[in-house]
Amino acid sequence: MELGFFTMPMHPPGSDMTKTLHDDLRQIVKLDELGYKEAWIGEHFTAQWENIPAPDQFIAMALAMTKDIVLGTGVTCMPNHNPFMIAHRIAQLDHLARGRFNWGVGSGGFPGDFQVFGFDPKTGDQRTMTREAVDLVLQLWDDPKPGLYESKYWSFTVPGPVEEYGLAFHVKPYQKPHPPIGVAGVSPKSDTLVLAGERGYIPMSINIVPWTTLPGHWDAVEGGAANAGIHADRSTWRIARQVYVADTTAEARKEALEGIIGRDWRDYFLKLLPKSRMLDLVKKDLNMPDSDVTLDYLLDNIWIVGDPDEVAAQLRKLHHDVGGFGVLLTMGHEWEPKEKGERSVELLAEEVMPRLADLG
């Protein structure tokens with residue numbers, strides 16, 4: 001089992017964007033120094049809490065500041081983009097990365113962004129558009145035939161080549177045939193994770209669900225793989241979790257509840273999820289009243305918090321209970337105070353993960 005990172009990122013409304021961007025970059029540099037395998041960066045336009053609208057630009061700068069860590073969009077929300085444009089931006093970024101890039105794709109989930117780009121999430125159009133757009137980007141990279149490309153969601157023309165002065169569609173990725181593609185799933189029988197299985201994409205399970213939901217995620221991946229007649233490899237499965245480590249379990253629990261993680265859930269997620277009709281996804285029992293989804297419930301049932309021994313034990317149990325997975329993605333939050341945030345990621349890399357070295 002390897003160690004990665006997923007950041008949305010998380011900053012309260014009114015934060016200084018210049019400061020938060022550079023703080024987030026410093027986190028990536030620190031994770032690279034600690035040997036984290038990868039980091040995924042979210043994309044949102046209208047979410048003040050999740051204030052990176054252009055993860056490709058962020059990744060381009062982070063590449064120049066790091067040596068080994070693989071960076072990925074987490075995710076490129078396809079309904080926000082014209083496929084012709086995103087085919088160029090992602091291919092260029094892949095060249096800048098020289099292989100240190102994963103392309104996460106998805107349909108998005110933030111209500112404000114759907115409103116901006118004219119999608120009603122009740123119709124499911126965002127999911128249809130996403131599949132069609134990804135397919136078209138892959139087609140353009142493989143065989144960009146000249147002509148009109150038109151659908152319900154876009155219209156553009158690829159011009160015919162003019163050798164005389166070099167006019168042609170010509171930008172293709174560095175990695176062949178394309179960067180590794182990742183998709184994230186959250187619902188118990190996620191269509192997105194079925195797609196991951198069918199196409200051999202990287203499957204990612206989002207952090208808000210209890211561990212009891214996760215075996216169903218892998219069932220979806222395996223079902224998709226069976227449909228396509230291919231083998232689903234558990235080592236590709238990423239599971240995102242809220243992880244916080246301190247020198248003692250009592251200290252870790254207190255700091256998680258009273259610190260930044262508690263703040264972000266109390267002031268953001270526990271307000272957003274009911275509005276998005278997603279709070280049930282957090283529940284171990286659907287008969288639970290919404291009022292029982294408290295920070296204490298999250299600490300005991302969703303988050304992984306404790307000293308290195310406790311966190312290692314919880315991760316070992318998680319690995320066993322879901323049947324194994326390849327990469328733990330620990331969720332990003334502000335490191336405030338800085339020394340405690342850094343201490344948590346250091347303990348996770350240097351003391352917890354060596355205890356789990358036997359997990360395959």
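Two strands are taken to pair where DSSP finds at least two bridges between them, and in this predicted model that criterion places strand β12, residues 327-331, beside two partners. Strand β1, residues 2-7, pairs with β12 in the parallel sense over 5 bridges, and strand β9, residues 238-241, likewise runs parallel to β12, to which it is joined by 4 bridges. Leu329 of β12 takes part in both pairings, being the bridge partner of Gly4 and standing opposite Ala240.

The side chains of β12 are divided between two directions, with Val327, Leu329 and Met331 pointing one way and Leu328 and Thr330 pointing the other, and all of these residues are buried. Because 5 of the 5 residues of β12 are buried, the strand is largely enclosed by the rest of the structure.

A buried charged residue is found in helix α3, which spans residues 83-97 and contains Asp94. Although Asp94 is buried, it has no salt bridge, and the nearest side chain of opposite charge, that of Lys176, lies 7.0 Å away, whereas a salt bridge would require a side-chain nitrogen of Lys or Arg within 4 Å of a carboxyl oxygen. Polar partners of Asp94 are nevertheless present: its side chain reaches the backbone nitrogen of Tyr174 at 2.9 Å, and a polar contact of 2.6 Å links it to the side chain of Gln175. When residues up to four places away in sequence are not counted, the residues touched by Asp94 comprise Tyr174 and Gln175 together with Gly99, Phe101, Pro173 and Pro179.

Key: Residues numbered from 1 in each chain as written. Predicted model: local features only at pLDDT ≥ 70, side-chain atom pairs only at ≥ 80, totals over all residues. Heavy atoms only, no water. Buried < 20%, exposed > 50% of the residue type's maximum accessible area, 1.4 Å probe, protein only. Lys, Arg positive; Asp, Glu negative; His and termini not counted. Polar contact = N/O pair within 3.5 Å; in protein donor to acceptor, adjacent residues only side chain to side chain. Contact = heavy atoms within 4.5 Å.
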